[in-house]
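Visitor: I have a structure to look at and some questions to go with it. Could you walk me through it?

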Amino acid sequence: MEKNDMLINIVLFSPLVGIALLLIFGRAREERIKWVALVSSLVTLAFSIILLGAFDQSKAGMQLENLGEWFRLGNYTVSYYVGVDGLSVLLVVLTAFIMPLAILFSLYHVKDRVRLYYSFLLLLEFAMIGVFVAQDLFMFYVFWEVSLVPMYFLVGIWGSEQRIYAAVKFFLYTMAGSILMLLAILWMGNHFGTFNVMQIKAAIEAAAGTPEGAFPSAVTELLLFLGFFIAFAIKVPIWPLHSWLPDAHVQAPTAGSVILAGVLLKLGTYGLVRFNLGLFPQMSVTLAPIIGILAIIGIIYGAWVSYAQTDVKKLVAYSSISHLGFVVLGIFALNAAGISGATLQMINHGISTGGLFLVVGMLYERRHTKAIDAFGGVWKALPVFSGLALVITLSSMGLPGLNGFVGEFTILLGTAGSPVLGLGFAFFGTIGVILAAVYLLYMWNKVFMGEYKAPAAAAHGDFALAPATGGGHEGDGEDVHADHGHDDHGHGGENPYPPLMWNEVTALVVVVVAAFVIGLYPRPFFGYMDASTNAAAAELSRYIPNQAASENIQAE
Amino acid sequence: MQPPTVATEYFVVLSAVLFIMGVLGVLVRRNAIMIFMSVELMLNAANLALVAFARQWGNAGGQLTVFFVITIAAAEVAVGLALIVAIFRTKKSIDIDELNAMQG
Amino acid sequence: MEVIASFVPLVVILPFVGALINLFLGRYMSEKLIGAVATTAAGLAFAIAAVMTIGITAHGYEATVVNPPLLDSWLYIPSAAIDIPWQMRVDTLSLTMMLVVTGVGTLIHLYAIGYMHGDSRFARFFVYLNLFLAFMLILVTGNNFLMMFVGWEGVGLCSFLLIGFWFDKKHGEGWKNSNAARKAFIVNRVGDFGLLMAIFLIFWTFGTLDYYKPNEVLHLEGEPHSAAVDTLIRAGEGGHGGSSQKGVFAQTEAWLAEGGHIVSFGVFELPFETVITLITLFMLIGVTGKSAQIPLFVWLPDAMAGPTPVSALIHAATMVTAGVYLITRTSVLYHAAPLSSAIVTIIGIATALMAGFIALGQWDIKKVLAYSTVSQLGFMVAAVGLGGYAAGMFHLITHAFFKALLFLGSGSVIHAMEHGHHHAHAHGHAEGDSHGHDDHGEQADHGHDEAFDPQDMRNMGGLARRMPITFVTYLIGTLALAGIFPLAGFWSKDEILGKAFNAGFNDGKIEGFLALGVLMVAAGFTAFYMWRQIKLVFLGVPRTEAAAAAPESSPSMTIPLLVLAALTIFGGALNVPLGVSGVLVLGVLFIMAGFWLLWALPGVRLFFIGRAEPVTSQPTVNPIFRLIVLASSAAFILSGAAIMFVPSLGASYQLEVLVLWLEHSVPYTKGLTLNPILAIVALSVGIAGILLAQRVYSPSALAEGNQDILEAQPSTRAAFRLSNAKLYWDETYGRFIEQPYNRAAAWLANKLDWEFWHDRFHHTVFRDFYKRAADFIATPVDRGAIDQGFLRIARGVAQIAARLRGVQTGYVRTYVFTMLFGVVLVMLILLLPLLRQ
């Protein structure tokens, strides 16, 4: 393990090196900045995969650790402590995987303040990886807050019309939660004399059996739990703290939405597993049914609300609320199946919803509208794009054979057999699976299927003015066959659906391949997290009163 | 043989009279030059007192101080007269009752 | 057997490969090549299934579990004790399904080459078809519930894609197709919800989702075992996941034998029997979705928006029977849950009756067949509900034959009508291009202004003369569906009725009596609406130019029709509930039927077409058709002769082939002896239905103003209109489910989430609260208290200063005097101590 000591640091700091390179490039070479950013993100991805290779699946605890003193705060030492377990190593890889996709999409679509843009993206990557690998509460908090800043600017500078409003709202909501978390973190540091998560966890586990317990009183534990929980719940977002999400998603640039959905929301769910479940097992068990109900409401509410949207991006944004509801449900099923499924679903959601945002972004770049009604028959105009988009939609819908299903199924299976939630929760969760089909097919139908709808202004007008030279054309603007190379340039109008560029195709194909790989052969993914989830579930089961019964079932 | 001496009290009385004359002059006169001269009178009254006590105590410090006072008084006269000239040039008068710009 | 069975992954992989080839290379390939690739993939899969069938027969029908290479496991989470492999099962039941799916599938692929000729997305169509086959085969070959679910959803997806295949048609057709596709997917999703819940329950009850472990065997009836499934503990031979663990069915039997088993679900406990009932009821939701039963059948009639081969393959022959397969597969569970079985039966018969009634009043040729399919699926579901698993499967197979035949026949009619319409239109406008067999999908795009529906039976009539092969095969299908002896439908329907009879009279079950009565009525409906269709479509005189100009379809379309017709005629032989003696009679009857078809037909046709209209040209019977009928008749006679004269096959040979075959994989399958009275009653119901229809729809098939005869008569008008309106199912669902859902969604999204939560709540509570707090701090606190306080101090100082100002007179003497006064004062203070002394 000696030789791998620095590996995690390399993964963590490689985006910063990328930023430094970006800054070196002069104004004259601005064209190259995007390539530097892309290569930098790919290098991070490569290192993260090496990290995955160095990771030992059979161990439950932290691995590839790196521990040192950062600074002293009064009597307390804040350590520089990074490490990964089965859960975070996958999320690090997810982060490193999503970032090149976001950059790939941006290559030709982002044109102003390029240097700043890519610097923020890489800074965001740095912060997100930092959140996943930090094993010191204080350090975690610092990274958590750092991740806010670039996102704030990405939304605020490169967003759509109401970007400032959305950016400020995003910032304030998250900040409000963070403050509570900071209080909780400071209390914990003060009480346990350290910010080291592993040490705190060990102390709590040691105190579990004793009559006085790890915390002075149940109320204290509840308040601490809530301090962490509210911060994470806002980030996830758990219903009803979601109202920043549609704004942020709709206003963010495509790459921002992809990262927001793909990784940033996972910071919340990751925190729930790592800190709420890890540090407050007793309170997690007690509150699981309530949080489960919130998750169920989120699943159904998100699905229901997204069905009524008229804006494609908003629809996808609300679908995130529904999907993340599944993840929260799985986490608070508090058994190995639920937590495994939830972890996998974090990755799945990153891939499929990230993919959906890419799809929406590509549609927007072509038509400059996100209104569902403006589209129709895109399948005919862009068959390859639509085929890829279909796979992504289906993966989001949870079709077996694609990634979404594996995660949702495992979550619901875990929920059904959960020692704290049970069948009723699975029942309503499964209803969410129906509703997912309802809103996604609504979107799919309206946008991709149906008769081809030409854009009202440009092409149609040109059709009316152009002399009807083409023999079969009726001049009604309905017979555009972009897929036949038989476009309407001859009529003077511009094809509203120019074919995909190489970078767009690459991004979508990568997403689709990932969806298939996880859907057909999820075993390695479960393998990485298995020891960790097993340990987590075993630890939690000590706090569950009637656990004996369900252990019997597991033994069978 | 002791030279005939004048008692210090006389000097002091003379000095006081001169000083009071100076004070009254400052208080009563309206001409700036006259006031200036009254101030000089007061200064010299003080000088006289200093010299008188220096003689009584056989201490040269008093006389020394008087030299300083005279020197400074000379400088003061120069500045003071220059000021009065400047005032006269702007106000065409050196009646200090007309120079009441400081009134609150 | 192990070796042969290990080919089973190929059955799934071949169609996948076909789909992939056409997906990626289709654009570079000619139509013929695309069709050949797809059809070959399906045909090879059929061949492998056939080889495996021979193999399994030769090896004592022993079931085999196959782990496909490379994919060692699928959902494998050791910490959660979840281990669900990609594992396939070859047994007689899955083979039956494989044969039906690939067999009928191959024929329909062949047919589709002709039907889809010229479509702009020709390759795509075959990609979907092959993909469908692959998923359907996963469904039937999986050895666990999750694999079945994969196939279950996968076929739903393909169904969605194919229903919406012509999503881009003009004049609103495209939107209609797209919405039909969406409806199908969503309704099926509701069913999938039930299946998922059943799977969750099964997992937490049994700890596994495998049907059987590799070391488990079935016991046939009569052997000294109480349980039908038994687990063999073979020394040194651990199955997948340990030899101690039993498969779902073996565990069920074990716990039932043990009695009083309690299942714990973490937060609550249930007795095992209740759990089984729950599982089977949830499964039933899945069945109603996929197999189009009440209350989830509404998608199937709409699904007819897809191209006709799709309707034949997916929405008649294979996919919709998945529910029947599911119940048959889980016969052990349904056997243990009498309540669920009764509910299954009741749903089945209710659906059969309801759909049969609706089919009476439809004008669209495919809608009639669609409702007929729903009705026949009701028969099957009722059969498996009554415990007649073999009967259900039997009807499934025969129905696959004749319903595929009917759909393909209707496709041939529609195709011909479109061509006829085009032909007539082209002639009318003298634009040439009359023989341009154009893009099918764009047929409607060619700008015919008048709305012409090639599927409306009112536009047809007299097609028998124009399309003889289609007519004859369609007639065979109709008779089979009506349950006319000796066609396949007679035998399978009779077996279901026999089951109902036994359940009622022998076992004293109420649902048995109910089923018998209701299904009889439904059978009568069937005969009536099918004959109505024959009258409207094929007989009488052409009612439109298009019908008069409709040509017979190409061989690639008619050959599948003929093969399916042959299967429809002889398919009953699969499971004839007769002793050896009966076969003689049967053989003779079949030969007679063959002759009847060959010789009597032209005359018969003349009879049906009507004497009023002179037949101008005598259509000739296609020689290929002649040959095939002859050949198949001969084959049947030869096989009958073989059974009788080959000693080893003789005496003790039971003719219920299917029952004997399925016994090896479906526990609690029982054969049935022919009940002659019941058979005669059922037959007479069918004939009565046909005769009644013949009477009602003669001499003219339509009343004044294109009304149905029944609509024109006041006594039946209400009933017809009710039937024509499809009993207002869609409206009811729209009113009570869809609209409330939409309205609630709009309310939730716009009012609650956006206006209230996002705007008002966020704005009033968060923003306005913050603002008001800020205002409070800014105005009363900051501007008020703090600012005013300092101001007051300042003002006080100013006032004092103003008073003090008077001191400053500006007169030098005042200052001097003050100074003097000060000096005196200071001196006084300094001298005060001296004065005191």
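Visitor: Which hand does the crossing of α13(A) and α19(A) have?

Guide: This is a predicted model, so every value here is computed from it. Take the two helices in chain A, α13 (residues 336-367) and α19 (residues 502-520). Their crossing is left-handed.

Visitor: At what angle do helix α13 and helix α19 of chain A pack?

Guide: Two packed helices are described by the angle between their axes and the distance between the axes. Here the axes lie 10 Å apart. The angle is about 155°.

Visitor: Is α13(A) roughly parallel or roughly antiparallel to α19(A)?

Guide: Angles over 145 degrees count as roughly antiparallel. The angle between these helices is about 155°. That makes the arrangement of α13(A) and α19(A) roughly antiparallel.

Visitor: How many nonpolar residues does the contact of α13(A) with α19(A) have?

Guide: From α13(A) come residues including Ile351(A), Leu358(A) and Met362(A). They meet residues of α19(A), among them Leu508(A), Val511(A) and Ile518(A). By class, the contact has four polar residues, one charged, and nine nonpolar.

Visitor: Now the chains. How many residues of chain A are in contact with chain C?

Guide: Chain C brings 51 residues to this contact. On the other side, the number from chain A is 59.

Visitor: Which element gives the most to the side of chain C that touches chain A?

Guide: Elements supplying at least two residues each are β2 (75-77), α6 (145-163), α7 (173-206) and α29 (729-805) of chain C. The top contribution is 15 residues. It comes from α7(C).

Visitor: How many residues on that side of chain C are nonpolar?

Guide: Six residues on the side of chain C that touches chain A are charged. Another 14 are polar. The nonpolar count is 31.

Visitor: How many residues of chain B are in contact with chain C?

Guide: Chain C offers eleven residues here. On the chain B side, the classes are six nonpolar, three polar and one charged. The chain B count is ten.

Visitor: What pattern does chain B follow along the sequence?

Guide: Chain B has three helices and zero strands. Read along the sequence, the pattern is α-α-α.

Visitor: Why is chain B described as more spread out than a compact globule?

Guide: The C-alpha atoms of chain B fill a box of roughly 60 × 25 × 25 Å. Of the 104 residues, 13% count as buried. For 104 residues the globule rule gives 13 Å. Chain B is more spread out than a compact globule because its radius of gyration is well over that, at 17 Å.

Definitions and conventions. Residues numbered from 1 in each chain as written. Chains lettered and ligands numbered in written order. Predicted model: local features only at pLDDT ≥ 70, side-chain atom pairs only at ≥ 80, totals over all residues. Contact = placed C-beta atoms within 7 Å. Helix = DSSP H or I, 4+ residues; strand = E, 2+ residues; numbered from the N terminus. Nonpolar A, V, L, I, M, F, W, Y, C, P; charged D, E, K, R; others polar. Axes fitted to C-alpha atoms, helices over the stretch in contact; angles between N-to-C directions. Parallel < 35°, antiparallel > 145°, perpendicular 65-115°, else oblique. Left-handed = near helix turned anticlockwise from the far one by under 90°. Rg over C-alpha atoms; globule rule 2.2 N^0.38 Å. Buried ≥ 20, exposed ≤ 12 C-beta atoms within 10 Å, placed from the backbone.
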